[in-house]
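Here are some exercises to work through with the model open beside you. Try each task before reading its solution.

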Amino acid sequence: MTSALFSPLAFAGVNLDNRIAVSPMCQYSADDGCANDWHLTHLGMLANSGAGLLVVEATHVERLGRITHGCLGLYSDANEAALKRVVDHCRRIGVAKLGIQLAHSGRKGSAQRPWEGGQSLKTGADPWETIAPSAMPFGPDWAIPRAMTEEDMARVSAAFVEATRRAVRLGFDTIELHLAHGYLLHSFLSAVSNKRNDGYGGTLENRMRFPLSVVSAVRAIVPKGVPLGARITGSDWMDGGLTPDDAVAVAKALKAAGLDFVCVSSGGVAAEARNPPQAGYNVPLAERIRREAGITTRTVGLIVAPKQAEAIIAEGKADMVALARAFLDEPHWGWQAAVTLGADVKRPPQYQRAAPALWPGKAMAGG
Ligand SMILES: Cc1cc2nc3c(=O)[nH]c(=O)nc-3n(C[C@H](O)[C@H](O)[C@H](O)COP(=O)(O)O)c2cc1C
């Protein structure tokens, strides 16, 4: 049996062993943006998970652009050195290619870690002033952000460029910008969170202006051969929010600005937005974006079973799939999926004697 999921993918200068990515997952465990032993262990483990690409969690471009006090950053030399230790470790012991997601939290920043409540930080917990396109909170119990000035935009754009320079220096195989889940760049794109009445608000074209300026500034310093992409929203799932039509327009604009790929996610623009509960709920959005924008497309969201992932690729609905929670449950998800699909997967030499052949027919639960 030949598996589409386990077929290699080459694009924009990178060669991936298969179509599986470990989706970026915040660990809320950094020290002033610096990766530590948690990240060494977590990412080291997932570098041998069977995924062709391991994407490092949302890594914030300025200190005030973190979501929580525990979020990863690339805004200082100390951050860069700490992440270098983790990247070098993953390269030494792992087989996956390494990507990084660069982000700014916007109005969802200054928050508690999820296990502390996931709301705005309270007085006494060292909260900070957040920024957004408009002075509107993310939800009822959230702090009101300050509407960004053009000086703020210039500073944030420069921070994205500087963090990207650091990511390039660290040798990441792919770089992606976070334009989804309600964080700063997405909050400019969506009319739910962007109520500006200057040249950065109003029409979709105006709402895209700041995010596209960041994309262009970043593109200018990423060498060809390092794929640059974005995680985008296929739908805000809210009245008045971004629609699949808008998502196609955004993907086309990103491609025109020089991006090499998109990862189609959705939701998160406001506290009341709810994602559909169906398996693979972003797949139809990704399929349409891939077809109409003609850009290498990954998708994510309730993709759990190997045969489900296989069908998405085999049917041409996406070029890659990303999985998040499934990899937390089963850090060898890719190895198990290979058994189910009759494919092979790269393992480190120490684990060459792993023995899928000893348990033929023992396909992963759910196929
Ligand atoms: C613990 C955790 C942390 C996450 N952190 C990020 C992140 O840093 N960046 C991002 O774009 N999405 C993040 N997400 C969302 C996932 O990448 C993914 O899009 C979402 O969980 C849906 O995929 P799944 O159904 O495979 O879990 C996170 C999800 C989880 C569970």
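What follows is a set of tasks on strands, a helix pair and a few single residues.

This is a predicted model, in which local features need pLDDT of at least 70, side-chain atom pairs count only at pLDDT 80 or more, and totals for chains, interfaces and linings use all residues. Residues are numbered from 1 along each chain as its sequence is written, and side-chain values use heavy atoms, with hydrogens and water left out.

**Exercise 1.** Take strand S10 and work out which residues point which way, and whether they are buried or exposed.

*Solution.* Start with the range: S10 covers residues 228-233. Helices (H or I, at least four residues) and strands (E, at least two) are DSSP runs, numbered from the N terminus. Next, check the burial, where buried means under 20% relative accessible area, exposed over 50%, and partly exposed in between (1.4 Å probe, protein chains only). Six of the six residues in S10 are buried. Now sort the directions: Leu228, Ala230 and Ile232 go one way, while Gly229, Arg231 and Thr233 go the other. That fits the usual pattern, because side chains in a regular strand alternate between the two faces of the sheet.

**Exercise 2.** Do the sorting again for strand S9, residues 174-179.

*Solution.* Thr174, Glu176 and His178 point one way from S9, and Ile175, Leu177 and Leu179 the other way. As for cover, six of the six residues of S9 are buried.

**Exercise 3.** Find the strands that pair with S9 and S10, and name some bridge partners.

*Solution.* Two strands pair if DSSP finds at least two bridges between them.

- Step one: strand S6 (residues 97-103) runs parallel to S9, with four bridges. Gln101 has Glu176 in S9 as its bridge partner.
- Step two: S9 and S10 are also paired in the parallel sense, over five bridges. Here Ile175 is partnered by Leu228, and His178 by Arg231.
- Step three: S10 pairs in the parallel sense with strand S11 (residues 261-265), over five bridges. Ala230 stands opposite Val262 in S11.

**Exercise 4.** Which hand does the β-α-β unit of S10, helix H6 and S11 have?

*Solution.* Trace the path from S10 through H6 (residues 244-256) to S11: the unit is right-handed. The test is that, with the strands pointing away from the viewer, the path from the first strand over the helix to the second runs clockwise.

**Exercise 5.** Describe how helices H8 and H10 cross and what they bring together.

*Solution.* First the geometry: the axes of H8 (residues 306-314) and H10 (residues 333-341) come within 9 Å and cross at roughly 80°. Axes are lines fitted to C-alpha atoms, for helices over the stretch in contact, and angles run from 0 to 180 degrees between N-to-C directions. Angles under 35 degrees count as roughly parallel, over 145 as roughly antiparallel, 65 to 115 as roughly perpendicular and the rest as oblique. So H8 and H10 are roughly perpendicular. Then the contacts (heavy atoms within 4.5 Å): Pro306, Lys307, Ala309 and Glu310 of H8 meet Trp333, Ala337, Thr340 and Leu341 of H10.

**Exercise 6.** Where does Tyr28 sit, and is this residue buried or exposed?

*Solution.* Look in the loop between strand S3 (20-22) and helix H1 (37-46). Tyr28 has 18% relative accessibility, so this residue counts as buried. Its backbone deserves a look too: phi of Tyr28 is near 50°, a positive value in a residue other than glycine. Most residues other than glycine have a negative phi.
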